[in-house]
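Reader: Please show me the model, and let us then examine the reasoning behind the terms applied to it.

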Amino acid sequence: MKASKLDEILKKTEQEIALNHKEVLSLLSITSQDELNRVTLVARKLRERYFQNKVFLYGFAYFSTYCRNDCTFCLYRKSNKSVPRYRKNCAEIMSTAHGLVDSGVHLVDLTMGEDPQYHNSKHGFRDLVQMVRDLKQETSTPIMISPGLISPEVLWEFREAGADWYACYQETHNPTLYSRLRIEQSYDERMKSKSAAKEMGYLIEEGLLAGVGDSTEDIADSILMMKKMGADQVRVMTFVPQDNTPLADWGTNSHFRELLIIAVMRLVMPDRLIPATLDVDGLKGLDKRLNSGANVITSIIPPSSGMAGVSQSSLDIGDGNRTVEKIIPVLRLNNLEPATQGEYQTWIKSRQAFLTNLEREGVKCG
Ligand code: SAM
Ligand code: MD0
Ligand code: SF4
């Protein structure tokens with residue numbers, strides 16, 4: 001891109017003037033490290049404007065790896081007969097959640113495959129809803145649920161029990177690509193579950209999978225769609241090929257693109273939460289993601305929990321590298337620090353108040 005054109009776009013983002021599709025596309029078409037550095041510098045400035053030097057830490061509990069779906073990118077797809085699976089019981093889930101809270105995370109993310117034991121029976125979610133209620137009462141920690149697609153009734157039960165966030169990633173907003181990734185899952189239903197959650201007062205997280213057949217156009221469309229749908233947390237994860245799955249031989253991806261996407265997300269949505277996941281590259285990949293403008297660290301997993309990651313099922317878990325203790329020095333090196341629990345909860349409350357005001361004024365997200 002011409003230096004003057006990049007200057008012009010970056011100036012606009014610093015003034016928080018909305019970028020059009022063409023401008024987002026040209027940012028995403030950057031290939032040189034120098035240009036990336038210029039974009040991430042502005043991304044960090046915007047992060048500082050909204051979040052100062054504070055970063056939020058999310059604990060992750062992947063408590064069941066059984067799944068009724070066959071997503072082509074996922075290790076835990078039902079057709080993969082060679083992966084050992086587990087389903088943790090209530091006591092194990094609660095003990096992991098408490099361990100995470102005690103270690104200093106700001107939120108606990110309860111994640112599962114679409115386990116038929118939960119999804120395919122009438123009261124399948126009853127115990128889990130109760131666990132959310134108990135955890136909330138015992139710790140008052142913000143809770144995210146990542147159960148896959150659930151009915152509005154169950155979504156509401158979780159909300160009433162105290163769940164604050166609903167995470168359900170579309171992976172792409174190109175319906176054709178979606179149909180090759182999330183086999184036999186309705187694109188529209190997945191989108192609708194997020195708007196239903198929003199109406200129930202949830203904060204929502206939307207996510208992209210990058211490097212799995214997506215074009216630069218697709219990513220630009222997705223970023224603008226995430227803004228339009230009012231997603232409160234927006235993420236990107238680089239696709240990691242999984243053995244014994246249809247995309248096993250896809251080849252490894254460059255991480256340059258993920259860093260660029262994080263930075264462009266920050267430019268387009270400066271006030272949103274953007275994770276740096278430990279799940280793709282482990283602890284060593286954290287610095288670069290923070291440098292690109294991320295302000296949440298996700299996939300913190302206690303070494304003793306016996307629970308897995310999603311895209312890197314074991315990377316950095318057993319050796320305790322996905323812990324708050326190991327993260328703090330990396331934050332400090334980047335002149336960042338963990339927020340207090342109060343600061344995180346204040347952010348949630350003010351985001352909710354902002355959304356309620358928008359609704360009152362009849363504005364449709366943004
Ligand atoms: N089963 C639920 C669902 O699919 O919504 C919850 C699990 S969700 C946390 C799994 C997410 O991890 C996917 O939506 C995808 O974005 C990411 N993921 C899964 N496999 C991956 C892979 N091989 N590489 C990168 N990200 C992956
Ligand atoms: C992460 N492995 O944060 C987790 C997961 C699910 N809500 C989150 C993708 O990276
Ligand atoms: Fe199941 Fe989620 Fe994996 Fe898809 S991404 S196969 S729904 S665990």
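Reader: What makes the pair formed by ligand 2 and the side chain of Thr 298 a polar contact?
Author: In this predicted model, an oxygen atom of ligand 2 is 2.8 Å from an N or O atom in the Thr 298 side chain. The cut-off for such a pair is 3.5 Å, so the pair qualifies as a polar contact. With nitrogen atoms of ligand 2, the corresponding distances are 2.9 Å for a polar side-chain atom of Ser 146 and 3.2 Å for an N or O atom in the side chain of Ser 299.

Reader: How much of ligand 2 does the protein bury?
Author: Ligand 2 taken alone exposes 300 Å², of which the protein buries 96%. Ligand 2 is surrounded by 13 residues, and the closest are Asp 109, Ser 146, Tyr 169, Thr 277 and Thr 298. At least two residues of this shell come from each of strand E2 (107-112), E6 and strand E8 (296-300).

Reader: Why is Arg 235 called buried?
Author: Its relative accessible area is 6%. Buried means under 20%, and therefore Arg 235 meets the definition. Arg 235 belongs to strand E6, which covers residues 233-238.

Reader: How do you know that the side chains of Arg 235 and Glu 205 are joined by a polar contact?
Author: The contact is 2.8 Å, and the limit is 3.5 Å, so the distance condition is met. The Arg 235 side chain also makes a polar contact of 3.2 Å with the side chain of Tyr 169. Beyond its neighbours within four places in sequence, Arg 235 is in contact with residues including Met 226, Met 265, Thr 277 and Thr 298.

Reader: What makes the approach of Glu 171 to ligand 1 a polar contact?
Author: An N or O atom in the side chain of Glu 171 is 2.5 Å from an oxygen atom of ligand 1. This is within 3.5 Å, so the term applies. Arg 182 has a side-chain N or O atom 2.9 Å from an oxygen atom of ligand 1, while a polar backbone atom of Met 112 is 2.9 Å from a nitrogen atom of ligand 1. On its own, ligand 1 has 560 Å² of accessible area, and the protein covers 94% of that.

Reader: Which residues are closest to ligand 1, and where does ligand 1 sit?
Author: Among the 19 residues surrounding ligand 1, the closest are Phe 73, Glu 171, Arg 182, Arg 190 and Val 240. Ligand 1 sits in the largest cavity. E2 and E6 each supply at least two residues of its shell.

Terms used:
Residues numbered from 1 in each chain as written. Chains lettered and ligands numbered in written order. Predicted model: local features only at pLDDT ≥ 70, side-chain atom pairs only at ≥ 80, totals over all residues. Heavy atoms only, no water. Helix = DSSP H or I, 4+ residues; strand = E, 2+ residues; numbered from the N terminus. Buried < 20%, exposed > 50% of the residue type's maximum accessible area, 1.4 Å probe, protein only. Polar contact = N/O pair within 3.5 Å; in protein donor to acceptor, adjacent residues only side chain to side chain. Contact = heavy atoms within 4.5 Å. Near = heavy atom within 4 Å. Areas by Shrake-Rupley, 256 points an atom, 1.4 Å probe, with all protein chains shown as cover. 1 Å grid on protein atoms, 1.4 Å probe; cavity = no way out; pocket = protein on both sides within 12 Å on 5 of 7 lines; lining within 4 Å. Sits in = over half its atoms within 2 Å of the grid points.
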